Amino acid sequence: MPETTLHELCKGFGALLSRSKNPSFPEEASRLNERGNLPLHAACSFQATADVVEALLRAYPGGASQPNSAGNLPIHQAAMWQASTDTMELLLGKYPEGATVRNQYGSLPLHMAASNQASPDVVRLLINAYPDALHLQNDDGMTPLDLALADGESASEAVVAMLEGRPPPPELTRRQKAEKLEERAKALERKLHSLRDGGNRRDVDLKLALAAVRRLADRVPHALFAAGMDPNELEIAFSDAIHNQNNGVTNREEDAELILLDAVKKRHKAITRDSRGMSMDVGGSQSLLSPSALGLGPRDRVEDLLSSIVGLEHVKSQVRGLRRTAEISDLRESLMPYNRPSSNSLHHRGGFTSLLPAGLAEDGGRPVCSHAVFTGNPGTGKTAVARLLAKVFHELGLLRKPKFLEVERMDLVAREKENTILKTREVLDEARGGVLFVDEAFTLGMSSKKNRVDTGNHAIAEIVRSIDAAKQAKDDAFPLIILAGFPLEVNAFLAFQPELRKRFPLTLEFPDYTCTQLARIFLDLATAKGFEFDNAIDEDVVSALLQSETTSIWRSERNGRVSEMLLAGVRTEVRRRMRRAQLDGQDDFDPQLIMKIDIENVMRTDFK
């Protein structure tokens with residue numbers, strides 16, 4: 001649907017107030033444009049005055065709770081485009097739950113405000129409306145504080161203070177503000193000159209490095225392989241970096257030196273062997289690690305991905321079983337290309353003798369991924385594992401793309417039956433070749449409060465019909481569908497949907513994380529952020545603290561989010577110690593070192 005007159009008027013304000021007196025105004029205020037935006041979204045995006053927002057809310061009160069195609073509520077748009085405090089108060093007054101809603105990128109309104117230099121008053125309103133948002137991460141693993149600090153010198157000290165949980169500093173005078181703006185302008189100018197000069201040097205370095213790799217690959221290719229570097233991967237990495245450079249996309253991680261260092265990190269490790277040729281570790285015991293883990297041969301991408309999952313051994317076993325079946329199928333295909341059975345013990349295929357026995361000579365085709373149901377409490381890793389499985393199954397050749405599409409009820413269900421079927425088909429088409437993850441799938445069986453007719457059942461029927469049609473047509477691009485949700489709700493939902501249950505033969509349960517697993521997740525997250533640990537910290541210490549300072553019920557309500565909350569709190573503790581060290585004149589403070597006292601303080605103050 002194109003832009004309506006009212007959408008355009010929301011960019012000007014004055015004429016809209018006059019139009020609000022028309023009888024057709026309520027109907028116009030409820031219309032969506034092609035991006036799923038209401039006029040209220042447009043008003044919030046163009047910093048409309050509070051009286052304009054109030055008029056739109058009065059005409060269509062439900063607009064405050066209606067997301068656009070990106071999952072943004074009007075309050076997200078207001079936070080992103082620096083709307084006034086009055087506008088934010090109106091939106092929160094009409095729909096206070098909006099402060100707790102995430103968009104399709106996992107961002108809350110507080111994330112949007114923190115990353116777009118919203119005023120301290122707006123940030124304070126959002127924090128008061130949803131205090132837990134201070135510690136929550138978006139899909140990129142960023143808290144509101146991380147996003148605010150990512151702006152560097154442009155971050156407001158008052159906003160940073162509130163996001164850190166401390167009182168804001170006194171407001172600056174006009175002169176102080178002017179001086180700070182002047183300093184920021186000079187810093188941006190210096191950065192611009194640095195980027196311009198560095199871009200030219202980087203381009204030359206990348207081309208020289210690529211030329212050197214090509215010469216080595218042509219003349220002495222074994223030299224690169226002996227160092228554990230694949231010349232083809234280096235060629236691709238350097239070529240991509242040069243392409244990005246030519247298109248104006250600069251990235252510090254694409255420096256020639258860093259690309260080479262990344263390849264060096266994958267080099268072979270020295271292996272000590274016993275008299276039987278068995279690999280041994282430093283202590284002399286035989287190693288049971290795989291050749292990939294020991295640095296022998298190429299890296300195993302699938303095992304690398306699986307090793308990033310903490311716990312969930314039954315999920316890993318399921319994937320490894322599929323892998324073995326796929327490998328056997330590929331071997332059968334390579335040894336028996338023509339598939340002509342014979343009565344001899346050695347089977348002949350088109351004049352060639354097969355090396356496989358009769359049992360393996362029967363071609364069962366490549367395995368297919370079964371549509372699955374994931375059940376588990378919040379934070380048990382359902383979404384993260386599904387996203388990772390998209391990459392794993394693509395690596396195994398079971399999916400065409402490593403694509404992952406996450407949807408929920410509102411993405412599949414409309415008010416009318418026809419629109420519900422249309423939306424469901426569009427989602428299935430968008431996810432083709434990859435994984436379609438339906439979060440809180442049990443809500444499809446719930447009727448809408450606004451509509452007595454339960455159109456969610458039509459979405460279910462369309463999913464069942466599409467699965468059957470794809471199976472009959474042997475459509476290998478049909479997405480792998482994963483239904484996810486809480487155990488009781490999902491099981492009750494499927495009990496009343498027998499036809500849907502038949503199409504989802506695989507159910508994987510995601511148990512609550514143990515304290516040891518939560519400790520491992522925390523240590524992995526902190527290490528990925530570049531932190532180091534005091535000698536007094538290890539997995540057992542963190543696990544014991546979690547066991548003593550939290551209850552099993554409290555942990556089961558959060559699971560993996562406990563580790564995220566712990567990391568966010570520890571980062572705040574490190575910053576506090578850093579400020580105290582600066583006041584005391586300590587020059588040897590390490591801002592990347594986590595102390596045991598940091599973890600203890602977070603658990604005793606925040607984990608209650």
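## Aromatic pairs

Phe 404 and Phe 437 are both buried in this structure, which is a predicted model. A search across the whole structure finds 4 aromatic pairs, and two of the pairs are described here.

In one of them, the ring centres of Phe 374 and Phe 510 lie 4.9 Å apart with the planes at 45°, and the pair is therefore tilted, since that class holds angles that are neither under 30 nor over 60 degrees. This pair joins distant parts of the chain, with Phe 374 in strand 5 (residues 372-376) and Phe 510 in strand 9 (residues 506-510), 136 residues apart. Phe 374 and Phe 510 are both buried.

For the rings of Phe 404 and Phe 437, the centres are 5.8 Å apart and the planes meet at 35°, so this pair is tilted as well. Distant parts of the chain are again linked, Phe 404 belonging to strand 6 (residues 404-407) and Phe 437 to strand 7 (residues 435-438), 33 residues apart.

## Nonpolar cores

The largest nonpolar core comprises 44 residues, and within it Val 123 and Leu 163 have the most contacts. Helix 5 (residues 50-59) gives the most to this core, contributing 5 residues. When residues up to four places away in sequence are not counted, Val 123 touches Leu 110, Ala 113, Ala 118, Val 159, Met 162 and Leu 163.

Apart from this core lies another, of 31 residues, which includes Leu 322, Val 392, Leu 398 and Phe 510. Phe 510 thus appears both in this core and in the tilted pair with Phe 374. In soluble globular proteins, nonpolar side chains tend to be buried together.

Conventions:
Residues are numbered from 1 along each chain as its sequence is written. This is a predicted model: local features need pLDDT of at least 70, side-chain atom pairs count only at pLDDT 80 or more; totals for chains, interfaces and linings use all residues. Side-chain values use heavy atoms; hydrogens and water are left out. Rings of Phe, Tyr and Trp (its six-membered ring) pair if their centres lie within 6.5 Å; planes under 30 degrees apart count as stacked, over 60 as edge-to-face and the rest as tilted. Helices (H or I, at least four residues) and strands (E, at least two) are DSSP runs, numbered from the N terminus. Buried means under 20% relative accessible area, exposed over 50%, partly exposed in between (1.4 Å probe, protein chains only). A nonpolar core is a set of buried Ala, Val, Leu, Ile, Met, Phe, Trp, Tyr and Cys residues joined through side-chain atoms within 4.5 Å. Contact means heavy atoms within 4.5 Å.
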